[in-house]
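User: I would like to learn how to read the ligand site and the pockets of a model. Could you take me through one?

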Amino acid sequence: MCQVKLIVSNWKMNLNVSDSKKLIKDLIKFSNNNSIEHVVCPQFALIPSVSRLIKESKITLGAQDCHHEKIGAYTGDTSVQILKELNCKYVILGHSERRDYHSETNELVKKKVFLAISEGLKPIICVGESIEDRKSNNYLNIIEKQLDVCVPNDYNNVVIAYEPIWSIGTGQVPTNKEILEMKKFTYNFLKSKKRIHKVNFLYGGSVNSMNFHEIMNDTKVDGALIGGSSLKIIEMNKILTFC
Ligand code: PEP
């Protein structure tokens with residue numbers, strides 16, 4: 001029997017209304033695999049239509065971000081409340097593109113994580129180092145700081161997505177040994193410092209149908225966060241029929 005994998009599709013700011021409808025309808029055809037929980041995270045404006053389309057399917061809905069306050073004068077932002085009303089179950093938080101392009105700090109990510117949890121959404125907390133930190137051997141310090149600040153104590157259903165920044169959208173993937181090192185480091189750190197024993201550890205960064213199976217089999221991570229390949233039905237067909 002296969003271990004259930006969590007596959008998170010991060011569509012980022014891609015797809016228009018009609019293309020997203022077509023992709024979702026095609027994805028629904030491949031969503032009968034009991035060994036996979038597939039979470040689709042569209043940009044905010046697509047969430048209502050995607051939410052309607054997946055109602056009777058096994059696909060789960062997620063968002064790519066949320067605001068750290070419940071409600072208020074925050075022009076351009078989206079609340080956890082609305083995401084819940086639209087049937088989102090997950091929210092990606094602390095993605096490196098949010099950290100880079102919107103100056104999100106670990107402290108801000110922490111606030112979002114706390115709010116998401118208190119409102120019943122499952123956060124997918126992204127951590128990852130830059131190429132400079134990897135090359136200078138400083139990467140474990142960076143990841144430790146991110147885990148330490150962003151992950152609450154004693155929260156036992158934590159989903160961590162390890163996404164080295166140098167791997168996102170580049171085609172460069174860490175070795176399985178490097179992914180395993182990070183998985184062990186994350187488990188050990190969260191167990192000892194935060195008393196968290198149930199961790200879902202995902203890998204993200206240039207995952208495609210060619211490398212997915214090997215990464216899953218060799219590292220036994222709990223799933224993947226997928227950007228570019230999640231927009232292509234041929235890729236997702238091969239990935240979602242895993243096992
Ligand atoms: C991402 O941005 O979360 C991601 C993993 O992107 P890609 O798969 O395109 O590298």
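Analyst: The turns below go through the ligand, the pockets and two backbone angles of this predicted model.

User: Which residues come nearest to the ligand?

Analyst: Start with the shell, where a residue counts if one of its heavy atoms lies within 4 Å of the ligand. Here 15 residues surround the ligand, and Lys12, His95, Glu163, Gly169 and Ser206 come nearest. By class, the shell holds three nonpolar, nine polar and three charged residues.

User: How do I read polar contacts to the ligand?

Analyst: Look for pairs of N or O atoms within 3.5 Å, and note whether the protein atom belongs to a side chain or to the backbone. His95 uses its side chain: one of its N or O atoms is 2.8 Å from an oxygen atom of the ligand. Gly169 uses its backbone, with an N or O atom 2.7 Å from a ligand oxygen. Gly227 also contributes a polar backbone atom, 2.8 Å from an oxygen atom of the ligand.

User: How much of the ligand's accessible area does the protein cover?

Analyst: Compare the ligand on its own with the ligand in place. Alone, the ligand has 300 Å² of accessible area, and the protein covers 95% of that.

User: Which pocket does the ligand take up?

Analyst: Pockets are found from the protein atoms alone, so the ligand is matched to them afterwards. The ligand takes up the space of the second largest pocket, whose volume is about 190 Å³. This pocket has 15 lining residues, and Gly169, Ser206, Ile226, Gly227 and Gly228 lie nearest its centre. Its lining divides into four nonpolar, nine polar and two charged residues.

User: What is the volume of the largest pocket, and what lines it?

Analyst: Read the volume, then the lining. The largest pocket has a volume of about 390 Å³. Its lining consists of 14 residues, with Lys12, Met13, Gln64, Arg98 and His102 nearest the centre. Helix H4 (residues 96–101) supplies the largest share of that lining, three residues. The classes are five nonpolar, five polar and four charged. Lys12 thus appears both among the residues nearest the ligand and among those nearest the centre of the largest pocket.

User: Where in the chain is Lys12, and what is its phi?

Analyst: For backbone angles, check the sign of phi and whether the residue is a glycine. Lys12 lies in the loop between strand S1 (5–10) and helix H1 (17–29). Its phi is positive, near 50 degrees, and Lys12 is not a glycine. Arg195, also not a glycine, has a positive phi of about 55 degrees. Arg195 is in the loop between helix H8 (176–194) and strand S7 (199–204).

Technical notes: Residues are numbered from 1 along each chain as its sequence is written. This is a predicted model: local features need pLDDT of at least 70, side-chain atom pairs count only at pLDDT 80 or more; totals for chains, interfaces and linings use all residues. Side-chain values use heavy atoms; hydrogens and water are left out. A polar contact is a pair of N or O atoms within 3.5 Å; within protein, one must be able to donate a hydrogen and the other to accept it, and residues adjacent in sequence count only if both atoms are side-chain atoms. Accessible areas come from the Shrake-Rupley method with a 1.4 Å probe; for residues, only the protein chains shown count as cover. On a 1 Å grid over the protein atoms alone, a cavity is a set of points where a 1.4 Å probe fits but cannot get out, and a pocket is an open set with protein on both sides within 12 Å along at least five of seven lines; lining residues have an atom within 4 Å of a point. A molecule sits in a cavity or pocket if more than half of its atoms lie within 2 Å of its grid points. Ala, Val, Leu, Ile, Met, Phe, Trp, Tyr, Cys and Pro count as nonpolar, Asp, Glu, Lys and Arg as charged, and the others, Gly among them, as polar. Grid points are joined across faces, edges and corners, and a volume is the space filled by probe spheres set on the points. Helices (H or I, at least four residues) and strands (E, at least two) are DSSP runs, numbered from the N terminus.
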